[in-house]
Amino acid sequence: MQATLSISTSERMETQAPRSSEQVSNARVNSELRGRNELRIVDNNNQASDVIMQVAPLTQPGFCYVVFGRGTQPELQWLDPAGIESVIAETESLRALIDESYAQLCEIFRGDTVTLRSSVDPDEPSSRRLVIKVKTSKDFENASELWKRFNDDWWLPNFDRADDKLCILMDFQ
Amino acid sequence: MTFGWKFYVSLAERLLTNPACGDDPELRDSEVQSNYRAALSRAYYGVFGTAYDYLRDTEHDFALNMPILQQQGQVFTAAQIQEVETGTKFIHDYVIRQLSRTTHDQRKDGLRRGLRQVLSSLRERRVEADYRQGLHYDRRTIRVSIDDAKTALNYLQQLCR
């Protein structure tokens, strides 16, 4: 059966259908936005699922955008929120790039941990930037192949958008 | 004789292949970790130094050539010297910034983008390895970084053709 997703909120919002809606299939479902930052599935018995997506409001009032999260993928972990926000404040376009990069990493490195932090080179303190790190539990060959795919298909074509303010690394668990 | 920075990447490879020789397990782990950190640092500087030379010698970057021209007796105005000193004060940023300038050659711009991406990752690894306590490195992370450094050297080789 084709799934249907709808988002109900206490405020009027324009929404974009989540890209993973096709994965929420085999049942007639409704979704519910709670606290404006979580998307849950509600089945026909009004039983809410765990959070299936994180939803981030954009800055324009009245708009909401499903920006990251697939399946039960956890939220991107911000390790130093103040430092991260200070970099984003200087280059606001990074916010969208971070969200998109995170979505790509979740898609490719399913189940692995992804963190975000700010970093500064002590030798050149003017160069504060952000670092996304995926910590994978996959074996070396598999991880290397996925890493190459991520770089070739996503990161390299989008690298110029970062303006050298974002770096993405892979570590092994 | 000009020093070949790329041999730092070969050194990084050796540090990865033969990371320790001691028998004491605790000392051995410290030795392995210090060699891994040194390998990450050398991998970055191997690429950074080669990229610097490429900009200076192949792209004839004015700021990077100024010290050589001065040694050869060329005279610059105080304003020119000041501008170059300010622009190259943070030399790692400067090299990456210069590589981001378009050459209006699609092939070269593609190679330079790939080079910047790797250089950016290696730089972050180098900062972690040189300054951050509390990290315990996995051999596979070093392997990936050295392979990245080799890829970057390959980009530079193609750019110099």
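## Exercises on a sheet and its helices

In this predicted model, A:Thr136 stands opposite A:Phe172 in β9(A).

**Exercise 1.** Determine how many bridges join strand β8 of chain A to β9(A), and whether the two run parallel or antiparallel.

*Solution.* Strands of a sheet pair through backbone hydrogen bonds, either parallel or antiparallel. Between β8(A), residues 129-136, and β9(A) there are 7 bridges, and the two strands run parallel.

**Exercise 2.** State the strand order of the open sheet in chain A, and explain why β6 and β9 each have one side without a neighbour.

*Solution.* The 4 strands follow the order β6-β7-β8-β9, with mixed pairing. Because β6 (77-78) and β9 (166-172) of chain A are edge strands, each with a single partner, one side of each has no neighbour in the sheet. Helix α1 of chain A, residues 81-90, packs on this sheet, where it touches β6, β7 (113-119) and β8 of chain A, its direction making about 70 degrees with that of β7(A). From chain B, α6(B) also packs on the sheet, touching β7, β8 and β9 of chain A at about 65 degrees to the direction of β9(A).

**Exercise 3.** Describe the packing of α2(B) against α6(B), and check the span of α2(B) against the expected value.

*Solution.* Two packed helices are described by the angle between their axes and the distance between the axes. For α2(B), residues 25-58, and α6(B), residues 106-131, the angle is about 140 degrees and the axes are 8 Å apart, in a left-handed crossing. By class, their contact has 11 nonpolar, 1 polar and 5 charged residues. At 1.5 Å a residue, the 34 residues of α2(B) should span 50 Å, so the 48 Å between its end C-alpha atoms agrees.

Definitions and conventions. Residues are numbered from 1 along each chain as its sequence is written. Chains are lettered from A and ligands numbered from 1 in the order in which they are written. This is a predicted model: local features need pLDDT of at least 70, side-chain atom pairs count only at pLDDT 80 or more; totals for chains, interfaces and linings use all residues. Axes are lines fitted to C-alpha atoms, for helices over the stretch in contact, and angles run from 0 to 180 degrees between N-to-C directions. A crossing is left-handed if the near helix is turned anticlockwise from the far one by less than a right angle, and right-handed if clockwise. Ala, Val, Leu, Ile, Met, Phe, Trp, Tyr, Cys and Pro count as nonpolar, Asp, Glu, Lys and Arg as charged, and the others, Gly among them, as polar. The expected span of a helix is 1.5 Å times one less than its number of residues. Two strands pair if DSSP finds at least two bridges between them. Two residues are in contact if their C-beta atoms, placed from the backbone, lie within 7 Å.
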